[in-house]
Number of protein chains: 2
Amino acid sequence: MANIDTEDERAAFLERVRAALSEGPLERAADELRGRHASEIADALESLPPEERTRLWQLVEPRAKGDVLVEAHGEVRRQLIEESATDELIVAVQRLDLDALADLYDELPASVVEAVLRAMDAQRRARFDVVHTYPPDTAGGLMDVDALAVRADVTLRMVLSYLARYRAEHERLPAQTDAVMVTDPDGSYRGRLAVTDLVSLDLETRVHAVMDRRTEPIAADTPAARVTRRFEDEDLVSAAVVDAAGRLIGRITVDDVVDVIREQAENSVMAGAGLDAREDTFAPPLAAAWRRAVWLGINLVSAFVAAWVIGLFEGAIEQVVALAVLMPVVASMGGVAGTQSLALVIRGIALEQVNDDNRLRLLRKELAVGAINGLVWALAVALIATAWFQKPVLSLVFGAALVLNLVWGVAAGTLIPLALARLRIDPVLAGGVVLVALTDAFGFFAFLGMATLLLV
Amino acid sequence: MANIDTEDERAAFLERVRAALSEGPLERAADELRGRHASEIADALESLPPEERTRLWQLVEPRAKGDVLVEAHGEVRRQLIEESATDELIVAVQRLDLDALADLYDELPASVVEAVLRAMDAQRRARFDVVHTYPPDTAGGLMDVDALAVRADVTLRMVLSYLARYRAEHERLPAQTDAVMVTDPDGSYRGRLAVTDLVSLDLETRVHAVMDRRTEPIAADTPAARVTRRFEDEDLVSAAVVDAAGRLIGRITVDDVVDVIREQAENSVMAGAGLDAREDTFAPPLAAAWRRAVWLGINLVSAFVAAWVIGLFEGAIEQVVALAVLMPVVASMGGVAGTQSLALVIRGIALEQVNDDNRLRLLRKELAVGAINGLVWALAVALIATAWFQKPVLSLVFGAALVLNLVWGVAAGTLIPLALARLRIDPVLAGGVVLVALTDAFGFFAFLGMATLLLV
């Protein structure tokens with residue numbers, strides 16, 4: 001991920017905003033915000049503590065607030081909504097794209113939603129209802145309903161005059177319009193006409209002669225993760241969304257896809273530590289502590305299971321205290337080896353490289369990797385332990401336990417994400433805890449168990 | 001990240017390819033590949049074991065091989081290049097976009113590179129040299145040199161006829177052309193003309209009257225991570241790249257940006273386990289074991305430091321064996337609390353929320369979070385330990401050590417990524433190891449040290 005770059009324009013902007021907020025006059029902070037992208041303003045708000053955030057939010061222009069809310073992350077967004085008056089929110093969100101409005105829908109107060117829906121004309125209201133039907137993590141939830149569409153039998157010249165009329169009426173064409181969709185009279189999707197064709201081909205050409213029939217439309221219930229794969233694989237800028245009957249109902253644009261990919265990336269950093277990707281970096285300590293407590297509690301259970309395993313062998317430890325010294329090495333090495341398999345398999349699943357066909361082969365490969373590294377490092381730790389404690393049998397048990405726990409670790413690291421993916425549980429979130437619980441407990445058991453048999 | 005979706009068209013495609021490969025005839029596998037995107041073929045190759053990969057690679061059409069190489073990941077790409085004849089590689093790569101060729105440059109055999117460069121005309125060669133000047137992780141390394149440019153004083157109609165001529169000559173416009181760049185006669189960047197303006201405005205309009213002057217061009221030495229932020233923040237489809245003198249030298253398109261973001265995401269999954277994002281999921285076990293051994297070795301050192309700390313207190317453990325039972329709980333809880341701070345701060349750095357100005361506040365907040373959770377869980381573990389061992393002083397020491405290690409963990413989890421980012425070391429890669437080394441060693445030391453003072 002990125003480094004801190006101190007000479008950066010963005011950092012300078014944030015610093016100026018902060019300086020203006022703390023030293024005044026506030027007009028200077030308001031000036032700084034003018035002409036900035038909503039995402040930059042959202043970033044500035046997110047990097048401030050909650051109180052200063054409130055003050056900056058009051059300086060954002062009322063009409064810009066809607067876009068800033070869309071760009072802000074979960075918790076910060078919630079705070080900003082809570083601190084805004086109903087009237088202010090109505091002004092802020094009523095001009096948003098419908099997909100953005102659908103995103104905010106559940107978080108806005110009911111009074112705001114009602115007022116905004118009441119103010120919509122019938123057509124916009126009907127379109128909003130379509131977007132709102134689909135869950136936010138599907139193609140339908142991601143789509144805009146502003147897809148331009150033409151018939152296949154018209155000429156490019158006719159398409160141009162349609163676009164000119166649309167522009168005159170709406171002031172601009174929809175953002176990221178790289179293609180105009182082509183539909184049948186009943187609304188069925190037929191193909192797409194690239195705007196670059198419109199600007200470089202003979203204007204008497206008919207649409208059907210040049211339209212792209214190859215790019216498949218996306219079904220509205222397609223999961224967001226698959227939508228992002230399509231955009232990546234086919235280098236799309238926009239794609240048509242169709243309902244179950246094949247009728248064009250909207251359009252997904254690459255800027256929304258980029259946001260989804262970025263969220264997935266953030267999620268994979270945060271979920272591994274049991275955190276929500278929406279977590280506010282500068283949340284009040286009590287709220288933050290409460291959210292993290294659950295994860296610590298889960299880990300506490302896992303740690304006490306390991307402690308219970310150790311407790312089974314108190315007698316052995318009493319007699320050979322070196323066991324207590326060396327046992328964390330066995331547990332930790334198994335955990336690390338397992339984490340490596342876990343990361344590899346999680347990526348393999350995400351990239352759809354791993355499937356029913358090859359997962360047995362993958363498991364065999366990982367077991368081989370675990371065994372090879374187990375043997376190599378078992379030799380190393382046995383030598384170190386011999387030099388330290390001069391007890392050959394102890395060293396033997398130590399090395400053997402290490403091999404076993406490494407093989408156990410890679411097996412668990414491979415099978416856990418496969419099982420979790422099958423259960424539709426995010427392996428990034430749950431994989432690490434389950435793995436460490438297993439490698440700790442098994443590592444202690446194997447080491448102390450063998451020691452009890454051979455040493456005590 | 002994504003789940004395995006068994007009903008998926010892509011999975012079905014992979015399965016058909018594999019079936020054709022193993023049961024023959026090979027023509028059926030070759031048929032399956034025809035008309036598939038290069039990225040889909042690359043995915044299929046990556047999900048096969050090395051031997052079958054070789055067989056499938058031989059079935060890919062010679063001209064398609066260049067694009068497949070570009071889409072393939074590091075290690076798999078290396079294998080495919082090694083297994084291709086020189087002539088075959090020349091055919092495969094000579095028609096690639098120059099930025100793609102520059103990406104492959106270092107991995108191709110010298111004889112192939114020389115032949116391809118010799119075959120270029122002078123203009124293409126000069127352009128290639130420009131791209132190749134910049135490191136691949138900068139704007140210059142990401143750019144295409146196929147930016148279309150017009151003067152500011154021409155009419156939209158003249159732009160259209162320029163595009164029609166370009167199209168007649170090159171068969172197509174450059175991919176992802178959402179705008180034509182506007183330059184001065186000396187090549188200086190002035191702005192951009194949206195293609196949507198071209199198709200919807202009066203054709204007698206002059207370019208300067210409607211061009212977008214607001215979207216800043218990207219300097220060629222801008223790091224890739226900042227380029228992706230610009231695309232995300234400003235919802236760009238393409239952006240102009242300029243040299244130090246402000247002259248237009250190329251264009252970055254969103255499809256390349258999507259690939260960079262995806263690589264960052266993969267990297268953050270893999271780097272946490274000490275793995276390279278280029279790792280082949282189905283690498284031969286010996287090669288895979290060798291690459292992972294380094295990381296296991298680093299962790300072994302950390303584990304032995306922890307063991308050494310425990311060794312300092314052998315006497316105490318001999319007398320109170322419950323210490324050995326409980327000590328992993330102290331170490332593990334500190335590690336988990338620290339990991340949470342680490343993930344939060346790494347994300348904050350990546351999103352540029354954390355800076356010189358607010359990092360002290362962030363540290364104070366994390367310390368407060370650690371202290372709150374430390375006190376809560378200390379009470380819990382002390383009660384459990386009392387029920388288990390009936391030794392109130394032991395429980396007191398246990399709880400106190402837990403609080404100390406949680407606070408220590410969040411401090412380390414906050415400061416380590418800030419320090420690593422300053423040293424330009426990837427905190428995802430190195431952060432976790434350093435953190436666990438610190439929380440294990442400190443956790444054992446605090447718990448066993450206090451026990452020695454109060455219990456023994």
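In chain A, seven positions of helix α19, namely A:A322, A:L326, A:V329, A:M333, A:A337, A:S341 and A:V345, meet A:L362, A:E366, A:G370, A:N373, A:W377, A:V381, A:A385 and A:F389 of helix α20. By class, that contact between α19(A) and α20(A) has eleven nonpolar residues, three polar and one charged. Before I go on, a caution: what we are looking at is a predicted model.

Staying with this pair, the axes of α19(A) and α20(A), the latter covering residues 359-389, lie 11 Å apart, and the angle between them is about 155°. An angle over 145° counts as roughly antiparallel. So α19(A) is roughly antiparallel to α20(A). Their crossing is right-handed.

Now the two chains together. How many residues of chain A are in contact with chain B? There are 117 of them, and they touch 116 residues of chain B. Helix α19 comes back here: residues 322-350 of chain A supply 19 residues, the largest share of the side that touches chain B. Sorted by class, that side of chain A has 65 nonpolar, 29 charged and 23 polar residues.

As for symmetry, a turn of 180° with a shift of 0.0 Å along the axis lays chain A on chain B, with an RMSD of 0.1 Å. The relation is therefore that of a two-fold axis. In chain A, the C-alpha nearest that axis belongs to A:A265, at 2.2 Å. Both copies use the same surface, since 99% of the contact residues of chain A recur in chain B.

Next, chain B, and a residue in its own helix α20. B:A378 sits in that helix, which covers residues 359-389. Is B:A378 buried or exposed? The cut-off for buried is 20 or more other C-beta atoms within 10 Å. B:A378 has 23, so it is buried. Beyond its neighbours within four places in sequence, B:A378 contacts B:G399, B:A400, B:L402 and B:V403. Looking back along the chain, B:R359 is 19 residues away, and the two C-alpha atoms are separated by 28 Å.

Just past that helix is B:Q390, in the loop between α20 and α21 (392-422) of chain B. Phi of B:Q390 is near 50°, a positive value in a residue other than glycine. With 9 C-beta neighbours inside 10 Å, B:Q390 counts as exposed.

A second residue goes with this one. Phi of B:D235 is also positive, near 50°, and again the residue is not glycine. Where is B:D235 found? It is in the loop of chain B between α15 (224-234) and β5 (238-242). B:D235 counts as partly exposed because it has 18 C-beta neighbours inside 10 Å.

Last, a helix pair in chain B. Helix α7, residues 86-93, packs against helix α9, residues 110-119, at an angle of about 45°, and their axes are 9 Å apart. The two helices are therefore oblique to each other. The crossing of α7(B) past α9(B) is right-handed. From α7(B) the contact takes B:T86, B:L89, B:I90 and B:V93, and from α9(B) it takes B:S111, B:V112, B:A115 and B:V116. Six of these residues are nonpolar and two are polar, with no charged residues.

To go back to where I started, the α19(A) contact with α20(A) does include one charged residue. That is what I have.

How values were computed: Residues are numbered from 1 along each chain as its sequence is written. Chains are lettered from A and ligands numbered from 1 in the order in which they are written. This is a predicted model: local features need pLDDT of at least 70, side-chain atom pairs count only at pLDDT 80 or more; totals for chains, interfaces and linings use all residues. Two residues are in contact if their C-beta atoms, placed from the backbone, lie within 7 Å. Helices (H or I, at least four residues) and strands (E, at least two) are DSSP runs, numbered from the N terminus. Ala, Val, Leu, Ile, Met, Phe, Trp, Tyr, Cys and Pro count as nonpolar, Asp, Glu, Lys and Arg as charged, and the others, Gly among them, as polar. A residue is buried if 20 or more other C-beta atoms lie within 10 Å of its own, exposed if 12 or fewer, and partly exposed in between; C-beta atoms are placed from the backbone. Axes are lines fitted to C-alpha atoms, for helices over the stretch in contact, and angles run from 0 to 180 degrees between N-to-C directions. Angles under 35 degrees count as roughly parallel, over 145 as roughly antiparallel, 65 to 115 as roughly perpendicular and the rest as oblique. A crossing is left-handed if the near helix is turned anticlockwise from the far one by less than a right angle, and right-handed if clockwise. Copies are superposed by least squares on the C-alpha atoms of residues with pLDDT of at least 70 in both.
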